[in-house]
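Visitor: Could you take me closely through one helix pairing, and then place it in its wider setting?

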There are 2 protein chains.
Amino acid sequence: MASTNKSLADKTTERIIRYIIDNKLREGAQLPNETTLSSLMGVGRSTLREAIRALVSRNILTVQQGSGIYVCHNTGVSDDPLGFTFIENKEKLVTDLLEFRMMIEPRVAALAASKATPAQAQELLLLANRVAECCEAGKPHAEADALFHAKIAEISENVIVPQLEPLIMHAIDMFIDITHSQLKEETIRTHMAIVNAIQNNDAIGAQDAMTLHLIYNRDRLRRVLKKDPS
Amino acid sequence: MASTNKSLADKTTERIIRYIIDNKLREGAQLPNETTLSSLMGVGRSTLREAIRALVSRNILTVQQGSGIYVCHNTGVSDDPLGFTFIENKEKLVTDLLEFRMMIEPRVAALAASKATPAQAQELLLLANRVAECCEAGKPHAEADALFHAKIAEISENVIVPQLEPLIMHAIDMFIDITHSQLKEETIRTHMAIVNAIQNNDAIGAQDAMTLHLIYNRDRLRRVLKKDPS
């Protein structure tokens, strides 16, 4: 592809990333405007724009028309970090996503239980209640459900797991889509068991409750996919 | 940012992704040239180039000057899918990466053992031998080590785990960097125990061997980070 200033734009991209890190800019932080940024980076306006476009598509920056350039939420993690768009067999994908969640979430719940403060446990309880309310009101609960699991990841203090938020979101969305999930009693009950164990700093209890929660999900999925004819 | 054809470029980006999926183009497959692609997508050359640049920075396409446009290896997964560049505390990052590997790899090894064909076990043995050879020759072994773990992920048949290849690579690189790892006897021995268990379709044995392998790594890391003064 004919792009005369490709390598300069690439270097500018790297330099802006360095700038974000060195200045400890967090999500939502505003960058200098185009004019200032051009001169800081020592490049012309068109090179700068090419670099910014690359950073936008990598979910590092977001550009608000007329307002400015900001650091993204979940900086550098795209909505589809692991390229699920390119996995064609959706039944296999949803099954394997659940298998993947079973690998990580029970241990994450145990870590969260060993670290949770009373205030964090309270926040988690509110999120569990929100899922239950959505259920009772017959409203979509995918987002509330994802927030519940994301909060547990955050409480665990592991820096990797919260970065998987888009993946968990994807897993929950697909699961609900495929199972046409009416939220079941089990979900509400096992969510609450997870909250209780985390509240009591009971690592083993939290791990077991999360395992049970995901086993119920897997059971439901297997029935829908007719892998288990009961 | 003034970009008059932004939304058209975005739509073209999505349309090219759809084209890749519908035509079942796998990694290394060549796309039509710019002229053909422009007319297929019904857009001008500059919009097409903007879309292609976005796809290049998302690791979906790669452009070989004078040769053509190809689908990337690990399509849609960037070298840093979870934004580790933006995590500043590198000791915490390497520790949490190892914790994360302990969540997934033992179970992945168990899955691999339950599914491995003799041919796959043989390939894995060759990779384990290559790691050992690098060690004996005093050569860097990070890449061989990552290939060994990636092969186990592939054998497991879970579609998510192989997409984490850049993450495992990152974890191994950082680990070697921080521990100044001279590859230890333990690594070679536990790698071999993993191969043997997978060869024998022994899921529990593979899970235990992988767990042991990662526990040795964690122990070494704790000593280096002086969290364990022994």
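Guide: In chain B, α4(B) and α7(B) are oblique to each other, a label for angles outside the classes of roughly parallel (under 35 degrees), roughly antiparallel (over 145) and roughly perpendicular (65 to 115). The axes of α4 (residues 90-115) and α7 (residues 165-179) of chain B come within 10 Å and cross at roughly 130°, where axes are lines fitted to C-alpha atoms over the stretch in contact and angles run from 0 to 180 degrees between N-to-C directions; helices are DSSP runs (H or I, at least four residues) numbered from the N terminus. This is a predicted model, in which local features need pLDDT of at least 70 and side-chain atom pairs count only at pLDDT 80 or more, while totals for chains, interfaces and linings use all residues. Residues are numbered from 1 along each chain as written, chains are lettered from A and ligands numbered from 1 in the order written, and side-chain values use heavy atoms, without hydrogens and water.

In contact terms (heavy atoms within 4.5 Å), the α4(B) side includes B:Leu93, B:Leu97 and B:Phe100, and the α7(B) side includes B:Ile168, B:Ile172 and B:Phe175. By class, this contact has twelve nonpolar, one polar and three charged residues, with Ala, Val, Leu, Ile, Met, Phe, Trp, Tyr, Cys and Pro counted as nonpolar, Asp, Glu, Lys and Arg as charged, and the others, Gly among them, as polar.

As for the wider setting, chain B can be laid on chain A with an RMSD of 0.0 Å by a turn of 180° and a shift of 0.0 Å along the axis, superposed by least squares on C-alpha atoms of residues with pLDDT of at least 70 in both. That is the relation of a two-fold axis, and B:Pro81 is the residue of chain B closest to the rotation axis, at 2.6 Å (C-alpha).

Technical notes:
Helices (H or I, at least four residues) and strands (E, at least two) are DSSP runs, numbered from the N terminus.
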